[in-house]
Amino acid sequence: MQHGSNGFSAAGLRRLRGVLERHVESGKIPGLVALVGRGGETHVEAIGTMRHDGGAPMRRDTIFRMASTSKPVAMAAAMILVDECRLRLDDLAQEWLPELADRRVLRRPDGPLDDTVPARRPITVRDLLTSTFGLGMDMTLLSAPIMGAIIERGLTPDLPEPMPGPDEWMRRLGELPLAYQPGERWAYQISHDVLSVLVARVTGRPFEEFLRERVFEPLGMRDTGFHVPADKIERLPVLYAPDPLTGEFHVWDEAEGGRWSRPPAFQGSGGGLVSTADDYHAYFTMLLNKGVHGNERILSRPAVELMTTNRLTPEQNAARNALATENVHVSFGQGQHGGWGMGMAVRTYRGDYAPVGQFGWDGGSGTSTYADPVNGLTGILLTQVGMSVPSSARLIHDFWTTLYQAIED
């Protein structure tokens, strides 16, 4: 058995490439970039093309829309402010976000918008960091009035109309009741975009500018941001959202003239970043190193530990587990980790090949980004096929299964 110096068997890495090639050859995944990092070494596969009808080949430096894998990276900005005591975990959010003061809460999460009770307590920074402030994208409540109101007001990414600027976005959010009492349960997505506004208001600077100075530049993440400049646009593939019934490839976002070809009005932590496999590898390696990159500290050790260990009680986590297990036909087990830290999933039970302690997240544009402190590895898989069909979720599942089989030490 041949071993690479990073503890993967040569045969295991060949099998990994074979599995990835099979997904591309199926015609369901036009192209992908996969990166495995361990022991200071990386192994990269770039397979297939930028468009489903051909086009330029995928390259190691192809830029992808990171979707929800933006969450673990953007979270660093808020944690830096906690490190510097410019934010405290139990500060009231309304000090900077007056739109969140004096909340009303729905009597029932699926009830009418005017059937409310007063919030039992104000929303704290901790509630926002752990996605428990009381409002989110709840796939189990899609027909509820609150979900209709969230979508109607343009409060989520992925709608035909881009989200408005941060102050208008907060104003619209402030008109809605919460679905749950602050701190009661985990709710996906919206808290991350609230954090974008919070960081900008605390620092007095655009969110991206602060992230760039404190996270992207020190880590050498040159291709990460909220849009792709014109001189790099040929490195951005088309994003597809195939038809759920026929599987036919529909273009969701073109590169030239598309959503990410210009700076957005709203720089959203929840799903707005574009990046590359190497940039994300730098970030997740920093987390594995407890906040250090080279000889520079980006985050304190306790900040990284808070982000990458479970922060939820079983009661708070019930909604997250329901979301994961009830969508399993689409997600192929992604999301069934048992825990959530700050900005990312944390594995608290072993339900597949990854060990307890693995942390990271997946994105609806067909992206998957995790680090595993038990094995000291990072894995990044990037595609341009949205999860309107299960193709990219199946690929992500097979990537992680095969990657863990390749470890030989």
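Among contacts in the protein between residues at least 6 apart in sequence, what share joins residues at least 24 apart? In this predicted model, the share is 68%. The chain of 409 residues is arranged into twelve helices and 16 strands, and 57% of the residues count as buried. The C-alpha trace spans about 65 × 50 × 40 Å along its principal axes. A compact globule with 409 residues would have a radius of gyration near 22 Å, and the 20 Å found for this protein agrees with that.

The domain assignment divides the protein into domain 1, made of 10-70 + 209-406, and domain 2, which covers 77-205. Their C-alpha centres lie 25 Å apart. The contact between the two takes 35 residues from domain 1 and 37 residues from domain 2.

It helps to look next at the nonpolar interior. The largest nonpolar core holds 81 residues, and those touching the most other members are L97, L129, W169, V194, Y283, L287 and L299. Helix α2 (residues 70-83) gives the most to this core, with ten residues. Because domain 1 and domain 2 both give residues to the core, it lies between them. A second, separate core has 33 residues, including L32, W186, V385 and A406.

L129 offers a handy place to inspect the larger core in the viewer. Leaving aside neighbours within four places in sequence, L129 is in contact with M75, A78, M79 and V82, among others. The remaining contacts of L129 on that basis are L89, L195, G341, M342 and G343.

Turning to the strands, eight of them form an open sheet in the order β3-β2-β1-β16-β15-β14-β13-β12, with antiparallel pairing. The edges are taken by β3 (54-57) and β12 (338-340); each has a single partner strand, so one side of each is left without a neighbour in the sheet. On average, neighbouring strands of this sheet are turned by 20° against each other, direction ignored.

Within this sheet, β15 is a good strand to follow residue by residue. Strand β15 spans residues 367-372 and is joined by five bridges to β14, residues 359-363, which runs antiparallel to it. Across this pair, W361 has T369 as its bridge partner, and G363 stands opposite T367. The two strands form a hairpin with three residues between them, and G366 in the turn has a positive phi of about 90°. With β16 (residues 377-383), β15 pairs in the antiparallel sense over six bridges. Here S368 is partnered by L381 in β16. The hairpin of β15 and β16 has four residues between the strands, where G376 takes a positive phi near 60°.

Are the residues of β15 mostly covered or uncovered? Six of its six residues are buried, so to speak on both faces. T367, T369 and A371 point one way from the strand, whereas S368, Y370 and D372 point the other way. In a regular strand the side chains alternate between the two faces of the sheet.

A final stop is Q189, in the loop between α5 (166-174) and α6 (190-203). Q189 is buried because its relative accessible area is 5%, under the 20% cut-off. Not counting residues up to four places away in sequence, Q189 touches S68, K71, M137, P157 and G270.

Conventions: Residues numbered from 1 in each chain as written. Predicted model: local features only at pLDDT ≥ 70, side-chain atom pairs only at ≥ 80, totals over all residues. Heavy atoms only, no water. Buried < 20%, exposed > 50% of the residue type's maximum accessible area, 1.4 Å probe, protein only. Contact = heavy atoms within 4.5 Å. Pairing = 2+ DSSP bridges. Axes fitted to C-alpha atoms, helices over the stretch in contact; angles between N-to-C directions. Core = buried A, V, L, I, M, F, W, Y, C linked by side-chain atoms within 4.5 Å. Domains from an automatic or database assignment. Rg over C-alpha atoms; globule rule 2.2 N^0.38 Å.
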